[in-house]
Amino acid sequence: MYLIKSPLLLKWYYPSLIWNKSRTEKVIYLTFDDGPIPNVTDFVLKTLKAFNAKATFFCIGDNIIKHPEVFKTVINDGHAIGNHTFNHLKGWKTDDETYIANTLKCQSLTQTNLFRPPYGRIKKSQIKILESLALSSEFKAPNNFKPQTSSSQLQIVMWDVLSGDFDTNLTPEKCYQNVIKHTENGSIIVFHDSLKAFDRLEYALPRVLKYFTNKGFTFSTL
Ligand SMILES: [Zn+2]
């Protein structure tokens, strides 16, 4: 069971996390989790380019090691990179030491101030350690790393719209409708550049881009 729209209660419990951006401007923040992988990530890049859209990719370190050329293309296309741990660990089920070490292992590859916990599940203790590490500069993006945001502060990014593309019981059309129905100014939308999500992603992504472009929205990096 999962909710398409993030509930207020969660936002209240984790106030330091980022759930959405400014509601006053017609900007949408597309995010892609779990890549980079060949073909699927390539499809996303090609589709974004067709709409002149920028996005943020929360990468798994292990996939960066396996597919460095795909990772490089994401950066060269001007998108932002986020840390999504090295092995896609579930925070609630992982002790702090293991979780932080795995996140830092990914960080050595991503060099970013953006982090998204896999499954959106992270303990408050883990947030606290990551935030303190960020202050001691582990998470600061080096100046020569172009596609990053100008802020050097650690941002733990959640979302306010979950496309449900990972749900193999969902039709591609329903996945598309999920996004259309719940997205507003400043929404952070989650898609996955994964094989499992591809049937729904392939259908929904170009349609979402088209729908909101026609409504005067732009798509930006976090
Ligand atoms: Zn993930």
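**Strand E7 and its surroundings**

In the predicted model, strands E6 and E7 run parallel and are joined by 2 bridges. Within this pairing, valine 161 has isoleucine 189 of E7 as its bridge partner. E7 is also paired with E1; these two strands run parallel as well, and 5 bridges join them. In that pairing, threonine 31 stands opposite valine 190 of E7.

Strand E7 is largely enclosed by the rest of the structure, because 5 of its 5 residues are buried. In a regular strand, side chains alternate between the two faces of the sheet. For E7 both faces are covered: Ile188, Val190 and His192 are buried on one side, and Ile189 and Phe191 are buried on the other.

Part of this cover involves helix H7. In H7 (residues 172-182), the residues Cys175, Tyr176, Asn178, Val179 and Ile180 are buried. An α-helix has 3.6 residues a turn, so residues three or four places apart point the same way. The buried residues of H7 pack against E7 (188-192), and further against strand E6 (161-162) and helix H8 (198-214).

Histidine 192 is located in strand E7. This residue counts as buried because its relative accessibility is 11%, under the 20% limit. Outside the residues up to four places away in sequence, histidine 192 touches Asp33, Asp34, Asp165, Phe166, Ala197 and Leu201.

Two of these contacts lead to further parts of the model, namely Leu201 and Asp34. Leucine 201 belongs to helix H8 and counts as buried, with 0% relative accessibility. Beyond its neighbours within four places in sequence, leucine 201 is in contact with Phe32, Val40, Phe43, Val44, Asp165, Phe191, His192, Asp193 and Pro206. For one of these residues, valine 40, the C-alpha atom is separated from that of leucine 201 by 9.0 Å, the two residues being 161 apart along the chain.

Valine 40 is also a contact of serine 194. Serine 194 is placed in the loop between E7 and H8 and is buried, with a relative accessible area of 15%. When neighbours within four places in sequence are left aside, serine 194 is in contact with Ile37 as well as Val40.

Aspartate 34, which histidine 192 touches, takes part in a metal site. The zinc ion is coordinated by Asp34 through OD and by His84 and His88 through NE2, at 2.0 to 2.1 Å. Along the chain, the donors follow the spacing D-x49-H-x3-H. Aspartate 34 lies in the loop between strand E1 (27-33) and helix H2 (40-50), while histidine 88 lies in the loop between strand E3 (80-83) and helix H5 (96-110), so the pair ties together parts that are 54 residues apart in sequence. Aspartate 34 counts as buried, at 16% relative accessibility. Histidine 88 is likewise buried, with a relative accessible area of 18%.

Exposed nonpolar side chains were also identified. Leu9, Trp12 and Tyr13 form a nonpolar patch on the surface, and their accessible area together is about 420 Å². Tryptophan 12 is part of helix H1 (residues 8-13). The relative accessibility of tryptophan 12 is 64%, so this residue counts as exposed.

Methods:
Residues numbered from 1 in each chain as written. Predicted model: local features only at pLDDT ≥ 70, side-chain atom pairs only at ≥ 80, totals over all residues. Heavy atoms only, no water. Patch = residues over 30% accessible without salt bridge, like charges linked within 9 Å, V, L, I, M, F, W, Y side chains within 5 Å. Areas by Shrake-Rupley, 256 points an atom, 1.4 Å probe, with all protein chains shown as cover. Salt bridge = Lys/Arg side-chain N within 4 Å of Asp/Glu carboxyl O. Helix = DSSP H or I, 4+ residues; strand = E, 2+ residues; numbered from the N terminus. Buried < 20%, exposed > 50% of the residue type's maximum accessible area, 1.4 Å probe, protein only. Contact = heavy atoms within 4.5 Å. Donors = N, O, S within 2.8 Å, 3.2 Å for Na, K, Ca; no water. Pairing = 2+ DSSP bridges.
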